[in-house]
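Here are a few informal notes on the charged pairs, for when you have a moment with the model. Have a look at the structure first, then read on.

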Amino acid sequence: MKKSRYVYAVKLILIFCFIIMAGCAGKSKKVTLFRHSGGELVYPAPPDVARIKFLYSIQEDRKQNTQATAARAEFDQRFFLRPYSLYLDTAEHLYVVDQGLQNVVIVNLKENSIELLDRNEDIFLNPISVTIDNVHRIYVTDAGGWIAIFNAAGKFEKMFEPSEKISRPAGIAFNKINQLLYIIDVAEHKVKIFDVNGKLVKAIGAQGGKEGEFNYPTHIALDADGNFYVTDTLNFRIQKFSPGGEFMKLFGSLGDSVGHFSKPKGIAIDTEGNIYIVDSYFDNIQLFNNEGRILMAFGNSGTKMGEFWLPAGIYISDDNRIFIADTYNSRVQVFQLIQAGSTGN
C-alpha cells in the first residue's frame with residue numbers, strides 16, 4: 001500500500017511538472033553563454049600545439065535560481081534537464097533533444113534566447129534524435145517507435161509513415177545530396193534508408209560482428225560526401241558506409257585507453273574529415289582522422305567547464321564549432337576546432 005501511494009505521488013508530481021513545461025512552450029527565454037573565467041581553455045594543453053578550444057557553455061544560471069527546489073523541472077528555472085542529441089540549422093537555431101523534458105529545446109544563438117518545440121499534443125515518450133530536411137521539416141525520433149515531423153515554425157504536422165516498420169528508432173540524419181533519411185533501428189540492428197515520403201530505399205545490417213553487421217547501433221552522422229558513419233555501440237566500433245549503403249571501413253575496439261571505446265555514443269565529422277566520438281563512460285570525446293587513426297582525446301569527468309558527466313550527442317557546424325550534449329551536467333558545451341581562419345564566437 002505504501003509503495004502504491006508513493007508511485008501515485010511521483011506520477012502526480014511528474015504530471016504537474018509537464019503541465020508547467022507545456023504551458024511554457026513557445027515562450028522565449030533569454031539564455032546566458034558561460035565562458036571560462038580562468039583564461040583560454042585549449043586541448044591539448046601547452047606546450048603541445050592546441051587543436052581544440054573551449055568557447056562557452058549553455059546552461060542554467062544557478063546564481064539567479066538559488067530558490068529552485070523540486071520544481072526545477074519547470075522550464076522557467078532550468079533550460080535543460082537531460083540533453084541528449086543536437087542539430088544546428090543555417091539560421092543558428094540549435095535544436096537540443098532533452099529526454100528529461102521529453103521535448104526539443106530550441107536555442108537561438110543569434111538572439112541568445114531559448115524556447116520549447118511545440119508539443120500541444122502528447123507527442124514524445126522518449127525522444128532520441130533530431131534532423132532537418134531540405135525544406136526545413138524537423139524530424140524527431142522517439143524510442144517509443146515513431147518519428148514526429150514539425151514544420152519550419154516548430155509546429156507539429158504529422159507522424160512519419162514509413163513503408164517498413166521502424167521498431168525502435170534512434171539516430172537520424174538527412175542527406176542533402178540524395179535527399180534521403182537515414183534512420184537507425186536499434187531493435188533490428190539495422191540502418192534503414194527512406195525518402196521523405198516514407199518509402200524504404202534500402203535496409204542494411206543484421207545482428208552480428210562481421211563487416212556491415214551491428215550490435216545495438218545508436219548514433220549516425222554524415223560527412224561532406226554523403227557517406228554515413230554508425231556508432232556500432234555494443235561492438236565498440238565505428239562503421240562507415242557509402243551513401244548507397246555499401247560498407248567502406250570500420251575502426252575501434254573495446255578497451256580502457258584512448259583509441260578504444262567503452263560506451264561510444266554520439267558521432268560527428270568536421271570539415272577536415274576528422275571523426276569525433278563521444279564516449280560516455282570515459283566522459284570524453286575522442287578525435288580520429290578519416291582513416292580511423294586516433295589523434296587525441298579531450299575532456300574528463302567533472303562539472304567544471306570542459307568537463308563532462310555522461311555526455312551523449314555531438315554536432316559539428318560548417319565552421320567547425322563542436323556542440324556537445326553534456327547530459328548529466330544539464331548543459332551544452334561548445335568548442336572550436338583550431339585551424340587557419342577559424343575564429344569562434
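1. Let's fix the term before counting: a salt bridge here is a side-chain nitrogen of Lys or Arg within 4 Å of a carboxyl oxygen of Asp or Glu. By that rule the count comes to 10 salt bridges. Keep in mind that this is a predicted model.

2. Start with Lys192 and Glu164, whose side chains meet in a salt bridge at 3.4 Å, N to O. This pair links distant parts of the chain, 28 residues apart: Lys192 sits in strand S15 (residues 190–195), while Glu164 lies in the loop between strand S12 (156–159) and strand S13 (169–175). Lys192 counts as buried because its relative accessible area is 0%, whereas Glu164 is partly exposed at 28%.

3. The same two residues turn up again in a network of salt bridges, where Glu164, Asp185, Glu188 and Lys192 are linked.

4. Next, Asp232 and Arg237: their salt bridge has its closest N and O atoms 2.7 Å apart. How buried or exposed are the partners, Asp232 and Arg237? Asp232 is buried, with a relative accessible area of 0%, and Arg237 also counts as buried, at 7%.

5. Finally, Lys249 forms a salt bridge with Glu291, with 3.2 Å between the closest N and O atoms. Here too the pair links distant parts of the chain, 42 residues apart, with Lys249 in strand S20 (residues 247–251) and Glu291 in the loop between strand S23 (284–288) and strand S24 (294–298). Lys249 is partly exposed, with a relative accessible area of 23%, and Glu291 is exposed, at 57%.

Technical notes:
Residues numbered from 1 in each chain as written. Predicted model: local features only at pLDDT ≥ 70, side-chain atom pairs only at ≥ 80, totals over all residues. Heavy atoms only, no water. Helix = DSSP H or I, 4+ residues; strand = E, 2+ residues; numbered from the N terminus. Buried < 20%, exposed > 50% of the residue type's maximum accessible area, 1.4 Å probe, protein only.
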